[in-house]
Amino acid sequence: MAEGLEDLVLGLSNKWKIQEENKLAQAIWRLPHAETFTFIQSNNVGKEVSAFEVENLGEGFLTAPFQGAPIFISADEILVGNLPDISEVKFNAEVEVSQNGKDEFVKWVGKSIEEIQKNVFQKVVLSRVDVAELPNSFELFEAFFKLSKAYPDALVAAFYVPFQNSVWLCATPEILVVQNGEGIFKTVSLAGTQSALGDKGNKIAVQQASWTQKEIEEQAFVSRYIIECFKRIRLREYVEIGPKTVIAGNLMHLKSEFIVDTKALGVENLASTMLDLLHPTSAVCGTPKEEAIQWISQAEKHERAMYSGYLGPIGFQNEIQLFVHLRTVQIQGNQAIFYAGCGITEDSIPEKEWEETNLKCKTLKGVLMSS
Ligand SMILES: C=C(O[C@@H]1C=C(C(=O)O)C=C[C@H]1O)C(=O)O
């Protein structure tokens, strides 16, 4: 580690450890393209809140599980710092992802396709975990800064809430609900996945991406779901941009943006209303939502916990910056649990879906487990 970085990491790490010992909540994040990070510590364990309160909670960090109430970490102490100047981060595309559970996963993808053919649901997102041991040299803040360098477009965040007894660290590309100080609301539909790296590990240009009907349809499900949510609150005036191909680290996705000028329209509390309606979106759950949740609870043997929930800072400069909790790792001592999922439609090929989860696990693992 470079000298300046070492001092910064040590300082943050000491503060983090003391807070953990005192069993109090804390979070650190770097917003997409920001040159600073924000580290907050709370004087409590984190408070269960409702999505409807999101406009009124004050400054802090919100994190919600896949299912269940969001938790608010209040910013009782705030430290804003410049990101350290670290050299290019190596991405290790060869890092190994455990193949445990492959047969079971492939079997459930097959079963999901049968349910889709029977019209029980149209799309479902199944996830898996990859459990690994962290190297002795692992340092949370070094990992945080490496991810910040490697993934400028992502929200990079880590948080700790005592009752979970673990730390979560992510670099997510997917906006759930963002609203700026001028009242401009944005949500996105992000789905469809392919590698952004060529055979020799070289980066492929977005113009070279080619999408099949499967991915186009898969992303359209998410867009339609967002439009359905707008319809439910009779909101007709939104701007839709896309779908366009975007790069998210080692991967490419299809993305559409939906933008609403809440001030011009005179709509209040759109962020909290949409947050409640959207989560969990069809990008991480499926369509229709209830049937997909039901199926996921049968198919998955692990708890999703905070994976595929949402997270991000709220209340700073009157902004809301909530992202879908993806490309994430749960850290318990020296054990790391990487989570990844894939959208299954009628045209899915089970083996390919498994491969997709391997690539998604590598987004974090390829940075954290590289020298
Ligand atoms: C579920 C995940 O990603 C989501 C699913 C995608 C897909 O199925 O193609 C793409 C982007 C995300 O919306 C994940 O990364 O774990």
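A charge sits over a ring if NZ of Lys or CZ of Arg is within 6 Å of the ring centre and within 35 degrees of the ring normal. Keep that in mind for the first exercise, and remember that this is a predicted model.

**Exercise 1. Charges over rings**

Find which rings Arg-128 and Arg-304 lie over, and give the distances.

*Solution.* Start with Arg-128: it lies over the face of Trp-354, 3.9 Å from the ring centre. Then go to Arg-304, which lies over the face of Phe-66 at 4.3 Å from the ring centre.

**Exercise 2. Salt bridges across the chain and within a helix**

Take the salt bridges of Lys-102, Lys-365 and Glu-218, and work out which parts of the chain each one joins.

*Solution.* Step one is the overall count: the structure holds 13 salt bridges.

Step two is Lys-102. Its side chain meets that of Glu-351 in a salt bridge, 3.1 Å from N to O. Lys-102 belongs to helix H2 (residues 102–117) and Glu-351 to helix H8 (residues 350–368), so this pair ties together parts that are 249 residues apart in sequence. Glu-351 is partly exposed, with a relative accessible area of 42%.

Step three stays with helix H8 and moves to Lys-365. Its partner is Asp-130, with 2.7 Å from N to O. Since Lys-365 lies in helix H8 and Asp-130 in strand S7, the pair ties together parts that are 235 residues apart in sequence. Both Lys-365 and Asp-130 are buried.

Step four is Glu-218, which pairs with Lys-214; their closest N and O atoms are 2.9 Å apart. Here both residues sit in helix H4 (residues 213–232), four residues apart, or about one turn of the helix. Glu-218 and Lys-214 are both buried.

To finish, pick up a network: salt bridges link Lys-186, Lys-255 and Glu-257.

**Exercise 3. A buried acid without a partner**

Which side chain of opposite charge is nearest to Glu-139, and how far away is it?

*Solution.* First place the residue: Glu-139 is in the loop between strand S7 (123–133) and helix H3 (140–150). Next, look for the opposite charge. The nearest is Lys-17, 5.1 Å away. A salt bridge needs the nitrogen and the carboxyl oxygen within 4 Å. Glu-139 is therefore left without a salt bridge, although it is buried. Last, check the contacts: setting aside residues up to four places away in sequence, Glu-139 touches Val-9 and Ser-13.

**Exercise 4. Aromatic pairs**

Are the rings of Tyr-307 and Tyr-339 stacked or edge-to-face?

*Solution.* The whole structure has 17 aromatic pairs. For Tyr-307 and Tyr-339, the ring centres are 5.4 Å apart and the planes are at 20 degrees, so the pair is stacked. Tyr-307 lies in the loop between helix H7 (289–299) and strand S15 (310–314), while Tyr-339 is in strand S18 (residues 335–344), so the pair ties together parts that are 32 residues apart in sequence. Both tyrosines, Tyr-307 and Tyr-339, are buried. Elsewhere, Trp-29, Phe-61, Phe-159 and Phe-316 make up one aromatic cluster.

**Exercise 5. Cysteines**

How many disulfides are there?

*Solution.* The count comes to zero. Try two cysteines by hand. For Cys-170, the nearest cysteine sulfur is that of Cys-361, 14 Å away. Cys-170 is buried, with a relative accessible area of 1%. For Cys-229, the nearest is the sulfur of Cys-285, at 12 Å. Cys-229 is buried too, with a relative accessible area of 2%.

**Exercise 6. Backbone oddities and a buried serine**

Locate the cis peptide bonds at Pro-243 and Pro-280, then look at the phi values of His-33 and Arg-234.

*Solution.* Begin with the background: most residues other than glycine have a negative phi, and most peptide bonds are trans.

The bond from Gly-242 to Pro-243 is cis, with omega near 5 degrees, and Pro-243 lies in strand S12 (residues 239–248). The bond from His-279 to Pro-280 is also cis, with omega near -10 degrees; Pro-280 is in the loop between H6 and S14.

That loop, between helix H6 (270–278) and strand S14 (286–287), also holds Ser-282. Ser-282 is buried, with a relative accessible area of 0%. Beyond its neighbours within four places in sequence, Ser-282 has contacts including Lys-123, Phe-221 and Tyr-225.

Now for phi. His-33 has a positive phi of about 65 degrees and is found in the loop between strand S1 (26–30) and strand S2 (36–41). At 57% relative accessibility, His-33 is exposed. Arg-234 has a positive phi of about 60 degrees and lies in the loop between H4 and S12. Arg-234 is exposed as well, at 66% relative accessible area.

Note on methods
Residues are numbered from 1 along each chain as its sequence is written. This is a predicted model: local features need pLDDT of at least 70, side-chain atom pairs count only at pLDDT 80 or more; totals for chains, interfaces and linings use all residues. Side-chain values use heavy atoms; hydrogens and water are left out. Helices (H or I, at least four residues) and strands (E, at least two) are DSSP runs, numbered from the N terminus. Buried means under 20% relative accessible area, exposed over 50%, partly exposed in between (1.4 Å probe, protein chains only). Lys and Arg count as positive and Asp and Glu as negative; His and the chain ends are not counted. Contact means heavy atoms within 4.5 Å. Rings of Phe, Tyr and Trp (its six-membered ring) pair if their centres lie within 6.5 Å; planes under 30 degrees apart count as stacked, over 60 as edge-to-face and the rest as tilted. A disulfide is a pair of cysteine sulfur atoms within 2.5 Å.
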